[in-house]
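Visitor: I have a model open and I'd like to learn how to read it. Could you take me through the features one at a time?

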Amino acid sequence: MKMVVRATLFLTLASTTAQAQFNAGTQAPEASLPFTMTQVATFNLPWRIAFLPDGRMLITEKVGPLWLVTQQGAKTPVTNVPAVLSQGQGGMLGVYLSPNYATDGNVYLTYSEPGEPGGSSLALARARL
């Protein structure tokens with residue numbers, strides 16, 4: 001019985017390691033896309049985007065700013081955002097609309113807030129635009 005268990009375990013492990021990994025980074029780009037890409041603005045280090053119902057976008061930059069961007073590319077900095085510590089993997093990270101945004105107008109931000117000297121903590125903030 002032990003021999004059957006060992007053989008099964010060996011075959012299971014061997015079959016998973018025998019499959020080659022797929023690296024999309026080496027895949028050639030497609031000649032045509034099912035959508036159109038149009039650059040409307042440039043950023044220092046864009047990190048996350050949330051589309052508002054009216055077509056505008058909220059875009060975070062890892063180094064701290066939060067931008068309100070129109071489809072025409074007009075950028076307006078959002079004021080009163082929390083202090084951010086952009087260091088290593090930390091910074092202004094995510095921006096998410098509430099599932100009930102149409103009625104409550106809530107926007108959620110995830111970011112690294114400054115902490116003890118040289119340190120930071122991951123934080124979640126809720127605000128209204």
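Guide: Let's start with strand pairing: two strands count as paired if DSSP finds at least two bridges between them. Keep in mind that this is a predicted model. Here strand 5 and strand 6 pair in the antiparallel sense, over 4 bridges. In that pairing, Tyr96 stands opposite Tyr108 of strand 6.

Visitor: How many bridges join strand 6 to strand 7?

Guide: There are 9, and these two strands run antiparallel. Val107 faces Ala127 of strand 7 across the pairing. The hairpin they form has 5 residues between the strands, and Gly118 takes a positive phi near 85 degrees there.

Visitor: Which residue could I look at in that loop, and is it buried or exposed?

Guide: Try Gly115, which lies in the loop between strand 6 (106–114) and strand 7 (120–128). Buried needs a relative accessible area under 20%, and exposed needs over 50%. Gly115 comes out at 47%, so it is partly exposed. Its C-alpha atom is 8.6 Å from that of Leu85, although the two are 30 residues apart along the chain.

Visitor: Let me zoom out. What is the overall order of helices and strands?

Guide: Along the sequence the pattern reads α-β-β-β-β-β-α-β-β. That comes to 2 helices and 7 strands. For burial, 26% of the 129 residues count as buried. The chain exposes about 9600 Å², with carbon and sulfur atoms supplying 57% of that area.

Visitor: And how do I read a nonpolar core?

Guide: The general idea is that in soluble globular proteins, nonpolar side chains tend to be buried together. In this model the largest nonpolar core has 13 residues, and those touching the most other members are Leu52, Leu58, Leu66, Val95, Val107, Leu109 and Tyr111. Strand 3 (66–69), strand 5 (92–97), strand 6 and strand 7 each supply at least two residues of this core. Strand 6 gives the most, with 3 residues.

Visitor: Which residues does Leu52 touch, leaving out its close neighbours in sequence?

Guide: Not counting residues up to four places away in sequence, Leu52 touches Leu58, Leu68, Leu97, Tyr101 and Leu129. There is also a second, separate core of 5 residues, including Ala41, Met57, Trp67 and Val69.

Visitor: What about a loop residue with a nonpolar side chain?

Guide: Take Val81, found in the loop between strand 4 (75–77) and strand 5. Its relative accessibility is 26%, so Val81 counts as partly exposed. Beyond residues up to four places away in sequence, Val81 touches Gly64, Leu66 and Met92. The C-alpha atoms of Val81 and Pro65 are 7.8 Å apart, with a sequence separation of 16 residues.

Visitor: Now the rings. How many aromatic pairs are there?

Guide: A pair of aromatic rings is described by the distance of the centres and the angle of the planes. A search of the whole structure finds 0 such pairs.

Visitor: Then which charges sit over a ring?

Guide: For a lysine, the test is that NZ lies within 6 Å of the ring centre and within 35 degrees of the ring normal. The charged end of Lys62 sits over the ring of Trp47, 5.8 Å from its centre. Lys75 lies over the face of Trp67, at 4.4 Å from the ring centre. You've met Trp67 already, as one of the residues in the second core.

Terms used:
Residues are numbered from 1 along each chain as its sequence is written. This is a predicted model: local features need pLDDT of at least 70, side-chain atom pairs count only at pLDDT 80 or more; totals for chains, interfaces and linings use all residues. Side-chain values use heavy atoms; hydrogens and water are left out. Rings of Phe, Tyr and Trp (its six-membered ring) pair if their centres lie within 6.5 Å; planes under 30 degrees apart count as stacked, over 60 as edge-to-face and the rest as tilted. Buried means under 20% relative accessible area, exposed over 50%, partly exposed in between (1.4 Å probe, protein chains only). Accessible areas come from the Shrake-Rupley method with a 1.4 Å probe; for residues, only the protein chains shown count as cover. A nonpolar core is a set of buried Ala, Val, Leu, Ile, Met, Phe, Trp, Tyr and Cys residues joined through side-chain atoms within 4.5 Å. Contact means heavy atoms within 4.5 Å.
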